[in-house]
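Trainee: I should like to go through this model with you. Could we begin with one of its pockets?

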Amino acid sequence: MEQKKLLIITYYFPPAGGPGVQRWLKFVKYLPEFDVQPIVYVPENPTYPIIDEGLVSQISDKVIILKNKILEPYQLASVFSKNKTKKISSGIFPQKKKQTFLDKTFLWVRGNLFIPDARVLWVKPSVSYLEKYIRENNIDTIVTSGPPHSLHLIGLELKEKLNVKWFADFRDPWTTIGYHKALRLSNYAAKKHKKLESKVLNTADTIIVTSKTTKAEFEAITNKPISVITNGYDIENVEKQTLDTKFTLAHIGSFLSDRNPPFLWECLVELLNEIPDFKTHLEIKLIGAVSQEVLDAISQFNLTEYLNLLGYVSHHEAIAHQKKSQVLLLIEINSEDTKSIIPGKLFEYMVSNRPIIAIGPQGSDFADIIKETNTGVFFDYSEKAKLKSVILDFYNQFLEGKLQSNGVGLQQYSRKNLTKQLAQLING
């Protein structure tokens with residue numbers, strides 16, 4: 001049987017690091033097993049906020065990779081402030097009350113002059129390049145993956161020109177994504193975002209989303225079919241880890257300003273005051289980009305002496321830390337807009353055999369997954385007493401050498417099983 005050719009249009013691909021890379025890196029790995037030939041189109045000279053060369057070795061040798069140059073304002077903006085540009089590119093924005101004039105200028109330009117995002121200048125050259133490639137190689141199916149959501153505009157134009165079958169994959173929502181309100185949008189810009197979002201959702205043949213809440217949100221905008229394919233975990237070749245000797249609470253990934261959970265710090269301070277030995281065991285381990293606001297809060301609660309700030313590490317190292325940390329922290333912004341966000345690292349957390357403390361808005365989609373798989377405990381921002389009690393319970397289990405997670409039903413979230421779902425859609 002001849003393999004079906006699938007053109008995948010994505011911005012994030014190795015050597016890019018971070019969670020946005022994993023979804024299509026893993027789909028591409030397994031698609032050939034389901035009679036789909038992946039052809040991945042990526043920028044030739046991207047401005048990736050995070051680089052992880054270790055992921056390059058994970059690219060399937062069966063994939064065809066196409067590259068085309070991109071012009072990005074981040075490349076120019078970095079001349080003025082490389083650090084600010086990198087943070088904004090990563091979605092880390094300073095709190096409104098602490099924004100400098102330069103911060104406000106960068107955000108206004110990003111939100112109002114580059115719609116839907118700073119990669120919009122790649123749309124026209126990509127359409128020109130891919131239109132020719134699609135015709136010459138008899139490709140009839142494409143996928144666009146966003147954010148950046150400007151890539152869906154590439155799909156939109158190719159659909160209109162060639163009438164290819166188009167799947168629009170939303171790793172995150174568009175106009176309800178957490179940082180959207182921070183972009184200082186004018187009324188014109190806000191309306192344009194909504195208009196483009198609606199056009200994409202009503203033109204694509206099928207929408208793919210990562211959560212049921214995003215599906216419900218999009219169903220209010222379009223009648224097109226919407227499939228939920230979550231992120232997942234893969235079998236990683238990481239050597240067996242020895243558990244940390246400290247009672248480590250580890251957060252892996254971007255720790256944004258708005259994710260700062262004061263009630264968690266309050267719980268730790270109270271436990272430090274109430275249990276003398278807690279001082280000798282506690283370690284707060286933060287891996288990845290951490291906002292200054294989070295660091296300031298830790299300092300204000302006098303917890304700095306317990307902080308182990310490791311910065312960004314390779315994906316391989318991150319997996320190792322997940323397996324050896326005592327407790328894993330998963331924290332989402334306390335907002336109605338973030339109920340649909342299911343952090344990609346959740347699924348890697350779930351197969352680490354370490355208990356998860358998850359914090360987010362009431363009704364979060366990932367709360368259901370944690371409960372169904374028995375991999376941790378979820379708390380909304382009003383449940384301080386419950387959180388403190390669970391931390392104490394985990395600490396006592398740690399002292400007894402019995403702290404672990406016993407997950408159930410995890411296989412449904414394996415990358416191979418999820419790719420099978422995708423392939424059934426593609427071949428349907």
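Mentor: Certainly, bearing in mind that this is a predicted model. The lining of the second largest pocket is made up of four nonpolar, six polar and five charged residues.

Trainee: Which residues of that lining lie nearest the centre of the second largest pocket?

Mentor: They are K26, Q58, I235, E236 and N237, out of the 15 residues that line the pocket. The space in the second largest pocket is about 310 Å³.

Trainee: Which element gives the largest share of the lining?

Mentor: Helix α1 does, with three residues. Both α1 and α12 supply at least two residues each to the lining of this pocket.

Trainee: Turning to α12, which of its residues are buried?

Mentor: Helix α12 covers residues 315-324, and its buried residues are H315, A318, I319, A320, H321 and Q322.

Trainee: And what do those buried residues pack against?

Mentor: They pack against two helices, α1 (19-30) and α13 (345-350), and against the strands β8 (247-252), β9 (282-287), β10 (307-311) and β11 (327-331).

Trainee: Now the whole chain: how many helices and strands are there?

Mentor: The protein chain has 16 helices and 13 strands. Its radius of gyration is 22 Å, close to the 22 Å that the globule rule gives for 428 residues, so the chain is as compact as a globular protein of that length.

Trainee: What fraction of the residues counts as buried?

Mentor: Of the 428 residues, 56% count as buried. The chain exposes about 18,500 Å², of which carbon and sulfur atoms supply 51%.

Note on methods
Residues numbered from 1 in each chain as written. Predicted model: local features only at pLDDT ≥ 70, side-chain atom pairs only at ≥ 80, totals over all residues. Heavy atoms only, no water. Buried < 20%, exposed > 50% of the residue type's maximum accessible area, 1.4 Å probe, protein only. Helix = DSSP H or I, 4+ residues; strand = E, 2+ residues; numbered from the N terminus. Contact = heavy atoms within 4.5 Å. 1 Å grid on protein atoms, 1.4 Å probe; cavity = no way out; pocket = protein on both sides within 12 Å on 5 of 7 lines; lining within 4 Å. Points joined across faces, edges and corners; volume = space filled by probe spheres on them. Nonpolar A, V, L, I, M, F, W, Y, C, P; charged D, E, K, R; others polar. Rg over C-alpha atoms; globule rule 2.2 N^0.38 Å. Areas by Shrake-Rupley, 256 points an atom, 1.4 Å probe, with all protein chains shown as cover.
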